[in-house]
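Trainee: I'm new to this one, so could you take me through a single part of it up close? I'd like to hear about the salt bridges and what sits around them.

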Amino acid sequence: TEQKRAESSLRQSEGLLRAILGSAADGIAFKDAGGVFREVNPAFCRMLGQSPDDILHHADAEFMDRSLDEPAPPEHPITCEQGPCGHDVLSCELSLMTPGGLRHLSVHKSPVYDVLGERLGEVSISRDITQRRKAEAALAQSEGLLRAMFQSAQDCIYVTDENDVLREVNQTFSTQAGKTREQLRVRPVSEACRNEGLRVQL
């Protein structure tokens, strides 16, 4: 009958949607207008180290330790943009303590409305950026160490571009040249080396 065909089509559509949610690498969750989780995919559960039963029918404050929530750093600001459907999309980064340890997530949230314009809740898409944040921290630490070694070296060290224009100098070079780092940068190295003491050093 027509009703059975409609029910079969609905089941197929629901099965397809669940397959898409289940295979997505990003965490996807839906909260109702009261802030209670009604749908989560496996990736979302893995990110939080929680089972679906621990999350569904609960507000996030009931199962997540949000004591480490922090605003996104200046290089990753919280933004609010208009999505393709005309609804605002909030993007932010969060740091959360989960059973598996500290996790850093990039989260995009947008409201969900029914055909009558009534707000049903909010859908969020989360991406685990923990490894990226660790790599950024390690890179910053490494760069800081190299810069400290560069600046504390007793020998004159400088970096030029293909046109022999100074792009970076260390403190010893600046002292011997009698000019600040800002004054030396973007100048030809030949101009900076006019100082007799600097020529001896070089």
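Mentor: Let's go through the salt bridges, with a short stop at a loop residue on the way. Keep in mind that this is a predicted model, where local features need pLDDT of at least 70, side-chain atom pairs count only at pLDDT 80 or more, and totals for chains, interfaces and linings use all residues. Residues are numbered from 1 along each chain as its sequence is written, and side-chain values use heavy atoms, with hydrogens and water left out.

The structure holds 14 salt bridges, each being a side-chain nitrogen of Lys or Arg within 4 Å of a carboxyl oxygen of Asp or Glu. Take Arg 18 and Glu 39, whose side chains meet at 3.0 Å, N to O. That pair links distant parts of the chain, with Arg 18 in helix α1 and Glu 39 in strand β2, 21 residues apart. (Helices are DSSP runs of H or I, at least four residues, and strands are runs of E, at least two, numbered from the N terminus.) Arg 18 is partly exposed at 45% relative accessible area, and Glu 39 is partly exposed too, at 26%. Here buried means under 20%, exposed over 50%, and partly exposed in between, using a 1.4 Å probe and protein chains only.

Now for the loop between β2 (37–40) and α2 (42–48), where you'll find Asn 41. Asn 41 is buried, with just 1% relative accessible area. Its side chain reaches the backbone oxygen of Asp 26 at 3.0 Å and the backbone nitrogen of Ile 28 at 2.8 Å.

Back to salt bridges, this time in helix α4 (residues 130–152), where Glu 136 and Arg 132 lie four residues apart, about one turn of the helix. Their side chains meet at 3.4 Å, N to O. Glu 136 is partly exposed at 31%, as is Arg 132 at 36%. Both belong to a network of salt bridges that also links Glu 93 and Arg 133.

Another bridge joins Arg 147 to Glu 168, with the closest N and O atoms 3.7 Å apart. Arg 147 lies in helix α4 and Glu 168 in strand β8 (residues 166–169), so this pair ties together parts that are 21 residues apart in sequence. Arg 147 is partly exposed at 43%, whereas Glu 168 is buried at 13%.

Notes: Polar contact = N/O pair within 3.5 Å; in protein donor to acceptor, adjacent residues only side chain to side chain.
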